Amino acid sequence: MSPLTPQLHKYLFLSIIVLALSTLPLRSLLSKPLSRLNLLTQHLPPSPAIRRNFANTPSKMSYSKELEIALLAVQRATLLTKSVYSSHSKGTLSKSDSSPVTIGDFGAQALIISSIKHAFPNDEVVGEEDADDLRSNPSLRDLVWGLVQQAKLESVEEEEKIGGPIKSAEDMLTAIDGGRSQGGNKGRIWALDPIDGTKGFLRGGQYAVCLALLVDGVPIVGVIGCPNLPVDDKTPLDSSIGADADDKEGKGVLFAAVKGQGATSRPLGKGALQPANTITMTSISDISQATFCESVEAGHSSHGDNAAIASKLGITKPSVRMDSQAKYGSIARGAGDLYLRLPVSKTYEEKIWDHAAGVVIVQEAGGEVTDAWGKPLNFGIGRTLKENKGVVAAPKAVFPRVIEVVKEVLSAKQ
Ligand SMILES: Nc1ncnc2c1ncn2[C@@H]1O[C@H](COP(=O)(O)O)[C@@H](OP(=O)(O)O)[C@H]1O
Ligand SMILES: [Mg+2]
Ligand SMILES: [Mg+2]
Ligand SMILES: [Mg+2]
């Protein structure tokens, strides 16, 4: 072997150092267990670059696992709410703001948060309920625990995807309290309304189990389960729709959407997910022919202002009054056209869990949603939409006209 020159020695030495340094990050990642690596990459929010390109290349972040888990979790929770719905006692309590909460709300929140924490342990949840009332009332806790133990998907494989049964009553309370996130505009946060339209639920009307994933404060995945809406997307809307309490064939629908991927509906099942249909809003050109939806509760949305807007738009059909985010689902599938939610109170702040899932579903079905002044809804500033007042949703083509009239009606009151 010929002796190496000092220059060649130096060159070889430097090359080895450079090579070692350049492979360091790779080697440190490879030394981690694979499962941990998956978890790390799975929960990283999209980089700004991916977010910038998101509208054009949604396949970069498919959110297919998030969608599947959300669909299964909501579906399982509706098994529980339906069992409460058909039972005699709904274990109703009055919350500090005098709104009702039932054992169905607590049970559904426990099941859904447990599903999310199983699949995405690092994600946060902004859930409407907490476990304080159950911790101070053991008989109420036992009632909810009994329900939670019974609610299982018929397919073992699907049940396992969402973590199987909750192990103990204490774990159930921990799951419910997992919804205490304060929200924000960083990372992955789920917004959960275990029963939206609790008043409708108690009345035997519409209600919905609603779940959305916010990424950096923007709703990206939305799922709404409506046990009392007809499966058929084309069933004409009227205020008595689905108002019979029976759980029968043809009733129960799951709406879903992922940003950039469109919106769907499918029958709400009891096990494996049923095939989905793409849904779109009706492209109305003559706004006077529109059907508009509003809350049943006059305390949640001003029936008077909604009527004044409809009349200025030349709408003569009576409004369809419906509790819950079933309104968003209904207009997204073209069964209605507009959703008007004009504020009643100057101080009320809309909750993010009352709108996040519905907003992404309507947007993906070809609609636009803003507050009553045309301001985008800001889901990234906490548990409420404190920068917004009211909500208006309509197909894109007629949205500018609708918001113009809404502003006229609001301005006239100032
Ligand atoms: N003064 C108010 N203004 C607007 N929304 C209100 C309100 N008081 C309660 N709500 C919300 O209205 C939701 C029901 O909406 P809708 O009228 O469309 O059915 C309730 O959800 P929960 O039933 O989940 O508590 C509650 O969060
Ligand atoms: Mg409530
Ligand atoms: Mg609600
Ligand atoms: Mg609720």
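Leaving aside its neighbours within four places in sequence, which residues is D193 in contact with? Figure 2 has the answer, but here is some housekeeping. This is a predicted model, where local features need pLDDT of at least 70, side-chain atom pairs count only at pLDDT 80 or more, and totals for chains, interfaces and linings use all residues. Residues are numbered from 1 along each chain as its sequence is written, while chains are lettered from A and ligands numbered from 1 in the order in which they are written.

**Figure 1. A set of residues marked in UniProt gathers at one spot.** An unreviewed UniProt entry gives the feature "binding site" to E128, D193, I195, D196 and D354 (the positions follow the numbering used here, feature names are shortened, and annotations may be inferred rather than shown by experiment). These residues span 227 residues in sequence, yet no two of their C-alpha atoms are more than 9.8 Å apart, so they end up together.

**Figure 2. A closer look at D193 and D196 in strand β4.** Strand β4 covers residues 188-196 (helices, H or I with at least four residues, and strands, E with at least two, are DSSP runs numbered from the N terminus). Back to our opening puzzle: D193 is in contact with E128, C210, W353 and D354, leaving aside neighbours within four places in sequence (contact means that C-beta atoms, placed from the backbone, lie within 7 Å). D193 has 32 C-beta neighbours inside 10 Å, so it counts as buried (buried takes 20 or more other C-beta atoms within 10 Å of a residue's own, exposed 12 or fewer, and partly exposed is in between). D196 is buried too, with 29 other C-beta atoms within 10 Å. With the same neighbours left aside, D196 is in contact with Y207, A208, C210, S324, Q325 and D354.

**Figure 3. Helices α6 and α10 cross.** The axes of α6 (residues 103-119) and α10 (residues 169-177) come within 8 Å and cross at roughly 85 degrees (axes are lines fitted to C-alpha atoms, for helices over the stretch in contact, with angles from 0 to 180 degrees between N-to-C directions). The two helices are therefore roughly perpendicular, a label for angles of 65 to 115 degrees. On the α6 side, F106, Q109, A110, I113, S114 and K117 make the contact, and on the α10 side M172, A175 and I176 do.

**Figure 4. Strand β12 is covered on both faces.** In β12 (residues 338-341), L338 and L340 on one side and Y339 and R341 on the other are all buried. Strand β10 (residues 292-294) runs parallel to β12, joined by two bridges, and F292 stands opposite L338.

Conventions. Angles under 35 degrees count as roughly parallel, over 145 as roughly antiparallel, 65 to 115 as roughly perpendicular and the rest as oblique. Two strands pair if DSSP finds at least two bridges between them.
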